[in-house]
Amino acid sequence: MINVEQLIFEYPNLRALDEVSFHIPQGSITALVGPNGAGKSTLLRCMAALDQPMSGNIRINDIDVLEHPRECHRVIGYLSDFFGLYDRLTVRQCLHYVARAQGIAEDDCAAAIDKVSSGLYINDRLDVLAGTLSRGLRQRVAIGQAIIHSPRVVLLDEPASGLDPEARHELAELFLNLQKQGMTLLVSSHILAELEAYSTDMLVLREGKIIEQVAIKTTTHAHTQDFKLTLATPVDNLAAVLQAIDTLTVLKTEGNQAAWLQIQGDSVQHHQLLTTLLSHNLPVCEFAKITSNLQDAYLDTIRHRA
Amino acid sequence: MNLNPEFQRQLQLEFSQARLVGVPLILGIIFTLTYFLDNQTHNEVSITAQTALGLFLLMVSFWGARQAVDSVLEEQRSHTWDTQRLSALDPWTMVCGKLLGSTLVVWYGGVICLLVYGLAADNLSNLLWVYGYAITSGLLVQNISLLLSLIALRKGQINSNSVITGLAIIAAFTIGSWIMPLSSNPQALQAMPDASWYGISTTSQFLTLMTVCWALFWCVVGNYRLMTQELRIRTLPWVWFAFALFLIVYAGGFIEAQHFSEYFYTTAFAICLTLSYLIVFTEYNEPMRIKRLLTYITQENWQRAAEELPLWCVTFVLAAVVALPLSFTHPADIEELHVYPITILLFLLRDIGIFLFFSFGKNPQRAFSLTLLSFVLLYGVLPGIFAAADLKAVSALFFPLVADSMIISIICMGVQSALVWYVLYQRWQESV
């Protein structure tokens with residue numbers, strides 16, 4: 001769906017994007033993460049054909065973005081981190097204008113407005129002036145403007161900034177809904193916990209380079225789980241003791257008192273393994289599944305690359 | 001009905017009920033007052049007619065210019081410009097929507113003023129001319145304002161409203177000084193001299209109106225072109241080339257037939273020089289653009305390179321083409337100054353280099369003022385000091401048009417240009 005190859009974007013004395021390459025599959029929700037100044041907004045603006053890179057290729061829905069920027073505009077929806085609304089127009093007028101500007105016929109505008117406002121829970125605010133809305137509601141209207149023409153790809157720059165937890169939850173639901181409708185989303189954010197609720201992939205950008213692209217919600221090997229084993233007191237040659245047990249794989253040990261294990265099987269087999277560990281006279285005080293989240297994945301990547 | 005969405009939005013924003021009622025109400029009060037004044041004073045010239053025309057000019061120029069400017073710069077200030085750039089609207093729809101939609105309320109008031117003028121004017125012999133001049137001039141001022149605001153947007157100078165509106169006020173007074181006598185003096189048109197264009201005899205009022213119409217046409221083309229670039233539609237610089245050729249051909253029509261061959265190249269050269277200066281000061285000059293241009297040239301991607309080519313290059317090359325035959329026709333000297341076309345071309349090259357040098361610096365906003373300061377020093381102060389000290393040869397180093405030898409003047413200017421462009425190259429390398 002989205003292919004970026006060797007993309008270079010330069011500001012005076014600064015290479016903001018340095019030979020960035022990645023592929024985003026159709027129907028995915030990709031979290032674009034990275035520290036401030038990593039080049040996230042620049043990347044999104046280049047992909048939206050708003051800024052012109054120095055070199056490279058961007059293909060969205062088989063459209064060469066740099067060669068045919070206007071064709072790209074037809075298939076994408078973009079929300080800037082510094083978006084604005086027409087404060088003196090009502091929400092309905094704002095949505096109507098964007099719908100018409102995106103080529104939706106006058107007769108179809110009402111249905112498009114109805115659909116998008118229902119999805120964003122703003123159908124009770126359609127006749128309110130946009131300038132009087134709260135930050136969260138403004139954000140929803142702006143997202144509504146970005147998706148009213150049902151684009152194939154939606155690029156969102158910090159869409160949840162300034163939203164309260166409830167609004168963020170609703171936003172996550174909306175994104176999952178858009179994904180179900182076949183849209184491909186690329187969402188940049190600093191709030192990793194928020195991205196975790198809906199992201200299928202993560203793209204880590206640092207100092208203008210893609211340093212990691214990982215699938216977050218892919219199914220791993222059936223019945224394989226990572227566990228952490230913590231002992232009350234250290235045990236000599238812990239790694240050797242554990243490696244002798246054939247129903248587990250030792251990922252790593254720490255100070256003969258903690259170990260990270262990979263275990264196959266269901267909860268009955270987990271119970272049997274715990275019994276085995278205790279039968280080896282290991283002073284187990286903790287035996288728990290490791291739930292990897294986006295934050296861990298991101299921090300692991302950053303640490304690994306540092 | 002599928003109305004132009006941008007036009008419709010501008011109407012929703014600008015054509016409020018309050019304005020719909022307020023504009024005729026206020027104008028009605030003013031005209032009631034002038035009507036009573038007319039009855040009391042019994043002037044030869046109708047105060048109501050003069051007021052109506054004056055108000056029309058003020059409204060379409062001052063208010064109209066402000067509306068046109070805001071229709072673009074306000075988008076950037078309120079962060080809605082990206083939404084518009086990403087829309088499916090074509091440049092023509094955008095230009096028409098912004099220009100007509102934002103100024104419709106102004107024309108609503110303007111039409112009332114013109115109707116009152118038509119009813120109150122004592123002298124109706126010039127009515128159509130007055131209407132023609134007033135409407136085309138008003139449209140021209142609004143189009144120029146939109147053009148300047150698009151240029152300001154491209155250069156990131158989004159708070160330029162007051163400057164552009166100030167220029168519009170000057171334009172309003174200039175137009176007023178031209179139209180007002182027509183409205184008050186029935187003989188004003190007849191008093192104007194006849195004119196000819198490529199041997200076609202006509203009246204100067206008709207030529208003036210045609211010139212305003214052509215200016216309006218090119219302004220609309222300019223607006224379309226700038227909007228095209230804003231919407232990221234790829235363009236080649238042929239419109240600028242066509243505009244330069246048009247000006248050369250159009251201005252050539254005003255040269256007397258017997259002096260045509262003598263002055264045509266001079267006129268063409270002067271036009272190319274003026275356009276080069278004009279465009280280098282108005283275009284957005286960023287170092288990264290030059291880097292992209294050089295990258296495309298290295299890749300032999302000529303289409304892309306032409307898209308990135310600064311427009312001053314087009315008129316500079318055109319000026320160079322004209323300068324060669326001009327050098328052999330020995331144009332007349334102006335007092336002590338010798339007109340050496342190649343030297344003048346090198347002046348242009350040096351001046352462009354100076355402006356780009358400041359544009360590529362840390363404070364490009366000051367590039368224009370610093371360049372003007374440099375020009376004062378290079379054209380006035382330094383040659384003036386040496387000339388005053390009777391050191392003509394040294395003075396010629398800075399201002400080679402006083403040198404008696406063309407070769408020496410070319411060498412002096414060539415050295416200056418080379419130095420400036422060397423320093424410019426150093427700065428460009430530092431900034432990319």
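The following exercises, each with a worked solution, concern a predicted model with chains A and B.

**Exercise 1. The open sheet of chain A**

Determine in which order the strands of the open sheet of chain A are arranged, and which strands lie at its edges.

Solution.

Step 1. The sheet comprises 4 strands, and reading across it gives the order S2-S1-S4-S5. The pairing is antiparallel.

Step 2. An edge strand here is one that pairs on one side only, and this applies to strand S2 (14-24) and strand S5 (63-64) of chain A.

Step 3. The pairings can now be followed across the sheet. S1(A), which spans residues 2-11, pairs with S2(A) over 7 bridges in the antiparallel sense. S1(A) is also joined to S4(A) by 5 bridges, again antiparallel. Finally, S4(A) and S5(A) run antiparallel and are joined by 2 bridges.

**Exercise 2. Register and turns**

For the sheet of chain A, identify residues that stand opposite one another, and state which residues in the hairpins have a positive phi.

Solution.

Step 1. Between S1(A) and S2(A), A:Ile2 stands opposite A:Ile24, and A:Phe9 has A:Leu17 as its bridge partner in S2(A).

Step 2. These two strands form a hairpin with 2 residues between them. In its turn, A:Asn13 has a positive phi of about 65 degrees.

Step 3. Between S1(A) and S4(A), the bridge partner of A:Asn3 is A:Arg59.

Step 4. Between S4(A) and S5(A), A:Ile60 stands opposite A:Ile63. The hairpin of S4(A) and S5(A) likewise has 2 residues between the strands, and A:Asn61 takes a positive phi near 50 degrees.

**Exercise 3. A helix on the sheet**

Describe how helix H1 (residues 40-47) of chain A is placed with respect to S1, S2 and S4 of chain A.

Solution.

Step 1. H1(A) lies across S1, S2 and strand S4 (55-60) of chain A.

Step 2. Its direction is given relative to S2(A): the helix runs at about 60 degrees to that strand.

**Exercise 4. The domains of chain A**

State how far apart the centres of the two domains of chain A are, and which elements of domain 1 touch domain 2.

Solution.

Step 1. Chain A is divided into domain 1 (2-215) and domain 2 (224-305). Their centres, taken over C-alpha atoms, are separated by 41 Å.

Step 2. The contact involves 12 residues of domain 1 of chain A and 7 residues of domain 2 of chain A.

Step 3. On the domain 1 side, two or more residues come from each of strand S3 (29-33), helix H7 (192-196), strand S9 (201-206) and strand S10 (209-215) of chain A. H7(A) gives the most, with 4 residues.

Step 4. By class, this side has 9 nonpolar, 1 polar and 2 charged residues.

**Exercise 5. Two helix pairs in chain B**

Decide whether H14(B) is parallel or oblique to H10(B), and do likewise for H15(B).

Solution.

Step 1. The axes of helix H10 (residues 260-282) of chain B and H14(B) come within 10 Å and cross at roughly 5 degrees. Angles under 35 degrees count as roughly parallel, and H10(B) and H14(B) are therefore roughly parallel to each other.

Step 2. In this pair, B:Phe269, B:Leu273, B:Ser276, B:Val280 and B:Phe281 of H10(B) meet B:Pro341, B:Ile344, B:Leu348, B:Ile352 and B:Phe355 of H14(B). The contact divides into 9 nonpolar residues, 1 polar and no charged.

Step 3. Helix H14 (residues 341-359) and helix H15 (residues 367-388) of chain B pack at about 140 degrees, with axes 8 Å apart. H14(B) and H15(B) are therefore oblique to each other, and their crossing is right-handed.

Step 4. H14(B) contributes B:Asp351, B:Ile354, B:Phe355, B:Phe358 and B:Ser359, while H15(B) contributes B:Ala367, B:Leu370, B:Thr371, B:Ser374 and B:Phe375. The classes are 6 nonpolar, 3 polar and 1 charged.

**Exercise 6. The contact between the chains**

Find how many residues each chain gives to the contact, and which element of chain B gives the most.

Solution.

Step 1. The contact takes 26 residues from chain B and 30 residues from chain A.

Step 2. On the chain B side, helix H1 (5-14), helix H4 (81-85) and helix H11 (287-298) give two or more residues. H11(B) gives the most, with 5 residues.

Step 3. The chain B side divides into 11 nonpolar, 9 polar and 6 charged residues.

How values were computed. Residues are numbered from 1 along each chain as its sequence is written. Chains are lettered from A and ligands numbered from 1 in the order in which they are written. This is a predicted model: local features need pLDDT of at least 70, side-chain atom pairs count only at pLDDT 80 or more; totals for chains, interfaces and linings use all residues. Axes are lines fitted to C-alpha atoms, for helices over the stretch in contact, and angles run from 0 to 180 degrees between N-to-C directions. Angles under 35 degrees count as roughly parallel, over 145 as roughly antiparallel, 65 to 115 as roughly perpendicular and the rest as oblique. A crossing is left-handed if the near helix is turned anticlockwise from the far one by less than a right angle, and right-handed if clockwise. Two residues are in contact if their C-beta atoms, placed from the backbone, lie within 7 Å. Ala, Val, Leu, Ile, Met, Phe, Trp, Tyr, Cys and Pro count as nonpolar, Asp, Glu, Lys and Arg as charged, and the others, Gly among them, as polar. Two strands pair if DSSP finds at least two bridges between them. Domain bounds come from an automatic or database domain assignment.
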